[in-house]
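These are notes on the two-chain model, set out as numbered points for discussion. Please read them with the coordinates open.

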Amino acid sequence: MTRRLRQAAVAGIGATEFSKNSGRSELQLAAECSKAALDDAGLHPADVDGMITFTLDGSDEINLARCLGVKDLAYTTRIPGGGAAAAATLYQAMAVVEAGLCEVVLIWRAMNERSQYRFGQPHTQAAGFQAGNGTGSLFWCMPFGAQTPASWEALAAQRYMQRYGVTNEDFGRVSVVQRRHAATNPAAWFYRKPITLEEHQSSKWIVAPVLRLLDCCQESDGGVALVVTSLSRARDLKQPPVRIAGACQSIPYNVEVISNYYHADLATMPEAEGTARRLWAQTGLKPADMQCAMIYDAFTPQVFKQLEAFGFCGRGEAREFVKDGHIALGGRLPINTNGGLIGEAYIHGMNNIAEGVRQVRGTSVNPVPDVEHVLVSSGMAAAVLAKDR
Amino acid sequence: MKTTPDPAAAQPMRLAPIVTPDAKFFWDAADRGELVGQRCGACQRFRFPPRPMCPHCHSLEREVVPLSGRGRVYSWIRPVHPQPFGFAEPPIVALIELAEGFRIVSNLVGIAFEDVRAELPVAVEFEATQGGHRVPVFRPVSAS
């Protein structure tokens, strides 16, 4: 294949149902969502020549390729850093397609993280903290009782709360909005189950004084896949192409994913600030050019910090931005219109990216009017999805 | 005279540290009741988490030096649900900014959760874990 630079686009998205007990293997979920994404694009599995997932994914590339009948893989990779990998998969796919190294890249993430294992429960096995699986220095937390993602997140978020006088009730408004979005999304686990701020405030503490139950994403079973190809090829396929206007990653010095305690100021999110800087520079776009955003929301404080890092509001201003209704449908920047990881399902961020694609296509069940650009962020990586003009 | 341990005596519940090759010096010192840090043997700068190379001058020379054991509370939480392994009651997990200028994750003891404030001065002590190890924890002290 002659290499030449070109633009990449998302041509297909696919998902299984989102549940608490899929009743089948992770490999089967991976195969089902992958086939669905290829069908959505109008491509055959034999067209796939690149495969990308997370280091944490439980399915082997070869076994998935054997299910699908992939003929000749030119490229595989896995992204570390837990959910921070989500938008980075898109970044990698864009890079190899634009470099002319691959024609059709399949991205998948499939998990039985409710029925087979519990992501939110204490992680105390050393194997979970080895290179590529963990996030850097998690084992420094274990003897002290910080053993869950919620506790790791809260230890940093408490500094943010202290700095800006943010309360748990402020965070709760994110959950209320996203559960409202989920309530009108039939694919969401919390379809038709909105919550009030009072219900949020009476849910039990998971980690005081930062996170209540309703600040935390779900544990879900399910799979999501995306198909990335060149824009020119995507134009000949079944769906209107969703252009990847830009994508990037940023891992600043001394930053790690969730046990992120060693950089200068824990009230900030240097990885998201770095990603934002790089993304706006790469695309020539700015926050005001986004009509909506899909923001990694494993826990509500992450939404606050990313809103600030990407410049939708200033540092410490997310509280007012959220309170003023800007993140809800009809607001200045509707976020996670599928309900997010809190309301729809926790497929490690990939279901939010699929919603970004639907917003550009105009096929979301909660459509935002006149979408040109959608930000999809997983903190350490992000992309801008754009209408093909 | 050799004594047989009383089987009814309370055994430490706290999980033993996960010891990696690059951090073994830290946990070995904690077992002896000492809080130590890693400093570059060339440019003398502290670094944490421990690592084999200095990120500033790239020297592989490193020194293990005793620390003051004094610090201030930088952030603190109480993991309530699910109950953390190794604790009868939810502990106070804290990030301690040590006097030497870097942070470590630990616990606060001897203070009610509601009374913890940012910048609270603390000093190190050691608590037993499963398997006969010890880990550093911190107790409030009067500012000095």
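1. In this predicted model, the residues that A:S250 touches, once those up to four places away in sequence are set aside, are A:E271, A:G274, A:T275, A:R278 and A:M380. A:S250 itself belongs to the loop that runs between β8 (242-249) and α8 (270-283) of chain A. Its relative accessibility is 7%, and because burial is taken as anything under 20%, A:S250 counts as buried.

2. A second site in chain A that may be worth a look is A:I62, which is part of helix α2 (residues 61-68) of chain A. With a relative accessible area of 47%, A:I62 is classed as partly exposed. Between A:I62 and A:L73, which are 11 residues apart along the chain, the distance from C-alpha to C-alpha is 9.5 Å.

3. Turning to the interface, how many residues does each chain bring to the contact? Chain A supplies 38 residues and chain B supplies 40 residues, and the area buried between the two chains comes to about 3200 Å², with 66% of that area given by carbon and sulfur atoms.

4. On the polar side of the same interface, 15 residue pairs are in polar contact between chain A and chain B, where both residues of a pair have pLDDT 80 or more. In chain A, the elements that contribute two or more residues to the side touching chain B are α4 (149-164) and β5 (205-208), and α4(A) provides the largest share of that side, with six residues. By residue class, the side of chain A that touches chain B is made up of 23 nonpolar, 12 polar and three charged residues.

5. Across the interface of chain A and chain B, one salt bridge is found by the rule applied here. The side chains concerned are those of B:E119 and A:R159, with an N to O distance of 3.8 Å.

6. There is also strand pairing between the chains: β5(A) and strand β4 (residues 70-79) of chain B are paired in the antiparallel sense, over two bridges. Within β4(B), the residue that stands opposite A:V207 is B:P79.

7. Chain B as a whole contains one helix and eight strands, which follow one another along the sequence in the pattern α-β-β-β-β-β-β-β-β. The C-alpha atoms of chain B fill a box of roughly 50 × 45 × 30 Å along the principal axes, and of the 144 residues in the chain, 44% are buried. Among the contacts in chain B with a separation of 6 or more, 51% are between residues 24 or more positions apart.

8. Strand β4(B), already mentioned for its pairing with β5(A), also pairs within its own chain, since β4(B) and β5(B) are antiparallel partners over six bridges. One of the facing pairs here places B:V73 opposite B:I96 in β5(B). What is the surrounding of strand β5 (residues 92-98) of chain B? Six of its seven residues are buried, so β5(B) is largely enclosed by the rest of the structure.

9. Strand β5(B) is further joined by six bridges to strand β6 (residues 103-108) of chain B, in an antiparallel arrangement, and in β6(B) the bridge partner of B:A94 is B:S106. The two strands form a hairpin with four residues between them, in the turn of which B:G101 has a positive phi of about 100°.

10. Another hairpin in chain B is built from strand β7 (residues 121-128) and strand β8 (residues 134-140), which run antiparallel and are joined by seven bridges. B:A123 stands opposite B:R139 in β8(B). Five residues lie between the strands of this hairpin, where B:G131 takes a positive phi near 75°.

11. Finally, chain B has an open sheet of three strands in the order β2-β1-β3, with antiparallel pairing. Its edges are β2 (46-47) and β3 (62-66), and each has a single partner strand, so one side of each is left without a neighbour in the sheet. Strand β1 (residues 36-40) of chain B is joined to β3(B) by five bridges in the antiparallel sense, and the bridge partner of B:C40 in β3(B) is B:R62.

Key. Residues are numbered from 1 along each chain as its sequence is written. Chains are lettered from A and ligands numbered from 1 in the order in which they are written. This is a predicted model: local features need pLDDT of at least 70, side-chain atom pairs count only at pLDDT 80 or more; totals for chains, interfaces and linings use all residues. Side-chain values use heavy atoms; hydrogens and water are left out. Buried means under 20% relative accessible area, exposed over 50%, partly exposed in between (1.4 Å probe, protein chains only). Contact means heavy atoms within 4.5 Å. Buried area is the accessible area (1.4 Å probe) that two parts lose on being put together, summed over both. A salt bridge is a side-chain nitrogen of Lys or Arg within 4 Å of a carboxyl oxygen of Asp or Glu. A polar contact is a pair of N or O atoms within 3.5 Å; within protein, one must be able to donate a hydrogen and the other to accept it, and residues adjacent in sequence count only if both atoms are side-chain atoms. Ala, Val, Leu, Ile, Met, Phe, Trp, Tyr, Cys and Pro count as nonpolar, Asp, Glu, Lys and Arg as charged, and the others, Gly among them, as polar. Two strands pair if DSSP finds at least two bridges between them.
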